[in-house]
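Here is a walk through one protein chain, from its overall layout down to a few residues worth a look. Open the model alongside and follow as you read.

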Amino acid sequence: MAAPTTSRLHRRLLPALPSCTPRAPSFSAPSIQGPSRRPTSRLYCSSPPVGAPPSGKGGEYRPSFADDFLLAFFRAKMVEEVGWDSQKPGYDGLIEVANRLMIKGKSASETEQSAVRVLQALFPPLLLVLFKALLAPIANGQLASMMVFVEKCKYLEESKCLGICINTCKLPTQTFFKDHMGVDLYMEPNFEDYSCQFNFGVPPPPPDTDKALKEPCLDICTNARRRRELGSSGGPDGLCPQV
C-alpha cells in the first residue's frame, strides 16, 4: 500500500467524512507584511437529507460499498475497545457504541485515550512508524501540513452531542496525529453548521483557550434537553458536562 498523505488517510478511515470531493488548492496573494499563506485544500463533505436522491436521480440515497465497508471497519474497532455492540445497524448503531465509550470512561482523558487506541487500530503499526519517521519530517513537516475543510461532519450531525465530538473525535484525533504520525493538527468544529476545519501543521491551543471546549451544550442534544426539562443546566455556565 502506497503511503498516502495524512489527510487522505483520515478521510478514508474515519466514517465522519463520507463521500468527499477535494477541491483544487487556492493560494493567497503575497503580502508586503510577511510571507503568503499556505495553500488551502478544501474537502466538501455532507450527509444528504433523508430521502434525497443522489446526483439528481430518483430514489433514496444509498451509501456506497466503500462507505459501508469503512463504517463497519471503524465500528468493529470501536466495539473491540468498548466490549459491547449495538443492535442497530449503520450510523445509529455506531453512535450508540460511541455513547457507550463515553460512559465507560471514568474521565474525559480516559475516553480520549480509548478513542486514540481505536484510531491506532485502524492502521497497520508499521505504516504509522514509517510515516512518522520518513514522511512527517520532510521539508520540516510541510509535506504533511495543509488545511482541510469539512463542510458537514456526519459524526457530529448524527451524534448531536458536543461531548462525543470533543472526547471521541477532536481531542483524540489531534493526539493521534501528533503522537503517532508526527504531525500537528488543530481541529475547529463549528457546532452551528456542523462543519469542521482541519488545520494540519498547526499545534492545537491549550485546553483553557480552545474555544471548542468552552461551547455550551447543543440545543439538539437529547441529554441537554432532558437536563433542561429537569431544571439543570449541566456544567458551569451551561457548558457540556461531558467535556
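From the N terminus on, the elements of the chain run α-β-β-α-α-α-α-β-α-α-β-β-α. That adds up to 8 helices and 5 strands, where helices (H or I, at least four residues) and strands (E, at least two) are DSSP runs, numbered from the N terminus. This is a predicted model, so local features need pLDDT of at least 70 and side-chain atom pairs count only at pLDDT 80 or more, while totals for chains, interfaces and linings use all residues. Residues are numbered from 1 along each chain as its sequence is written, and side-chain values use heavy atoms, with hydrogens and water left out.

Buried residues make up 43% of the 243 residues in the chain; buried means under 20% relative accessible area, exposed over 50%, and partly exposed in between (1.4 Å probe, protein chains only). As for contacts (heavy atoms within 4.5 Å), take those between residues at least 6 apart in sequence: 59% of them join residues at least 24 apart.

**Helix H2 and its partners**

Let's start with H2. At 1.5 Å a residue, its 18 residues should span 26 Å, and its end C-alpha atoms are 25 Å apart, which agrees. The expected span here is 1.5 Å times one less than the number of residues. The buried residues of H2 are Asp67, Leu70, Leu71, Phe74, Arg75, Lys77, Met78, Val79, Glu81 and Val82. Just after H2, Gly83 takes a positive phi of about 80°.

Which residues does H2 use to meet H4? First, the geometry: the axes of H2 (residues 65-82) and H4 (residues 108-121) come within 9 Å and cross at roughly 135°. Axes are lines fitted to C-alpha atoms, for helices over the stretch in contact, and angles run from 0 to 180 degrees between N-to-C directions. That crossing angle makes H2 oblique to H4; angles under 35 degrees count as roughly parallel, over 145 as roughly antiparallel, 65 to 115 as roughly perpendicular and the rest as oblique. H2 brings Phe73, Phe74, Lys77, Met78 and Glu81 to the contact, and H4 brings Ser114, Arg117, Val118, Leu119 and Ala121. By type, the residues of this H2 and H4 contact divide into 6 nonpolar, 1 polar and 3 charged. In that count Ala, Val, Leu, Ile, Met, Phe, Trp, Tyr, Cys and Pro are nonpolar, Asp, Glu, Lys and Arg are charged, and the others, Gly among them, are polar.

The other partner is H3 (residues 90-104), which packs with H2 at an angle of about 25°, the axes lying 10 Å apart. That makes H2 roughly parallel to H3. On the H2 side, Leu71, Phe74, Arg75, Met78, Val79, Glu81 and Val82 take part; they meet Gly90, Tyr91, Gly93, Leu94, Val97, Ala98, Arg100, Leu101 and Lys104 of H3. The residues of the H2 and H3 contact divide into 10 nonpolar, 2 polar and 4 charged.

H3 itself has 15 residues and reaches 21 Å from its first C-alpha to its last, close to the 21 Å expected at 1.5 Å a residue. Its buried residues are Tyr91, Gly93, Leu94, Ile95, Val97, Ala98, Leu101 and Met102. They pack against H2, H4, H6 (154-159) and H7 (162-181).

**Loop residues with a positive phi**

Most residues other than glycine have a negative phi. Here are two non-glycine residues with a positive one.

| Residue | Phi | Loop | Relative accessibility |
|---|---|---|---|
| Lys160 | near 55° | between H6 and H7 | 33%, partly exposed |
| Tyr194 | near 65° | between S4 (185-189) and S5 (196-200) | 16%, buried |

**Two residues with distant neighbours in sequence**

Lys178 lies in H7 and is partly exposed, with a relative accessible area of 42%. Where does its chain neighbourhood lead? Lys178 and Pro203 are 25 residues apart in sequence and 8.7 Å apart in space, C-alpha to C-alpha. Not counting residues up to four places away in sequence, Lys178 touches Val183 and Asp184.

Pro137 sits in the loop between H5 (125-135) and S3 (147-150). It is partly exposed, at 47% relative accessible area. The C-alpha atoms of Pro137 and Val183 are separated by 8.8 Å, with their positions 46 residues apart along the chain. Leaving aside neighbours within four places in sequence, Pro137 is in contact with Phe131 and Lys132.
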